[in-house]
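Colleague: I would like a close look at a single part of this model. Please pick one residue and follow its surroundings.

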Amino acid sequence: MGTKKSNKLAQTAVLKQILKRCSSFGKKNGYNEQGLIPDDVPKGHFAVYVGQNRSRYIVPISWLAHPEFQSLLQRAEEEFGFDHDMGITIPCEEVVFRNLTAMIR
């Protein structure tokens with residue numbers, strides 16, 4: 001049971017990192033402090049890039065609580081890491097991403 005709690009704490013830390021880097025909280029003059037969030041990302045949302053063409057999607061922060069979305073984020077971390085300025089890149093086909101997000105809504 002200790003491993004499950006440890007995994008939950010690690011997952012929480014990753015989610016906090018995502019929120020800090022990619023959320024629109026604290027927008028200032030069209031961009032956040034790091035210059036990462038453009039003006040078109042509403043408060044409480046963040047941008048992700050999906051598919052071969054890196055299509056941009058704006059998703060609500062509440063999706064971070066969904067296990068299916070968390071699974072995508074784990075794959076993104078494994079493949080790309082979270083230490084880059086472009087935003088989170090989700091390693092899946094756009095069709096798969098759209099189907100998943102349709103279920104989450």
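Modeller: What follows starts with Glu94 and then turns to the core and the whole chain. Bear in mind that this is a predicted model.

Glu94 lies in helix 3, which covers residues 94-104. Is Glu94 buried or exposed? Its relative accessibility is 18%, so Glu94 counts as buried; the cut-off for buried is under 20%. The side chain of Glu94 makes a polar contact of 2.8 Å with the side chain of Ser55. Setting aside neighbours within four places in sequence, Glu94 is in contact with Val50, Gly51, Ser55 and Tyr57.

Ser55 leads on to Val48. Beyond four places in sequence, Val48 is in contact with Ser55, Arg56, Tyr57, Val59, Phe69, Ile88, Ile90 and Phe97.

Val48 also belongs to the largest nonpolar core, which has 18 residues. Phe46, Val48, Val59, Phe69, Ile90 and Phe97 touch the most other members. At least two core residues come from each of strand 1 (45-50), strand 2 (55-60), helix 2 (67-80), strand 3 (88-90) and helix 3. Helix 2 gives the most, with four residues.

Now the whole chain. Three helices and three strands are present, in the order α-β-β-α-β-α along the sequence. The chain has 105 residues, and 39% of them count as buried. Among contacts with a separation of 6 or more, 43% join residues 24 or more positions apart. The chain exposes about 6800 Å², with 52% supplied by carbon and sulfur atoms.

Key: Residues are numbered from 1 along each chain as its sequence is written. This is a predicted model: local features need pLDDT of at least 70, side-chain atom pairs count only at pLDDT 80 or more; totals for chains, interfaces and linings use all residues. Side-chain values use heavy atoms; hydrogens and water are left out. Buried means under 20% relative accessible area, exposed over 50%, partly exposed in between (1.4 Å probe, protein chains only). Contact means heavy atoms within 4.5 Å. Accessible areas come from the Shrake-Rupley method with a 1.4 Å probe; for residues, only the protein chains shown count as cover. A polar contact is a pair of N or O atoms within 3.5 Å; within protein, one must be able to donate a hydrogen and the other to accept it, and residues adjacent in sequence count only if both atoms are side-chain atoms. A nonpolar core is a set of buried Ala, Val, Leu, Ile, Met, Phe, Trp, Tyr and Cys residues joined through side-chain atoms within 4.5 Å.
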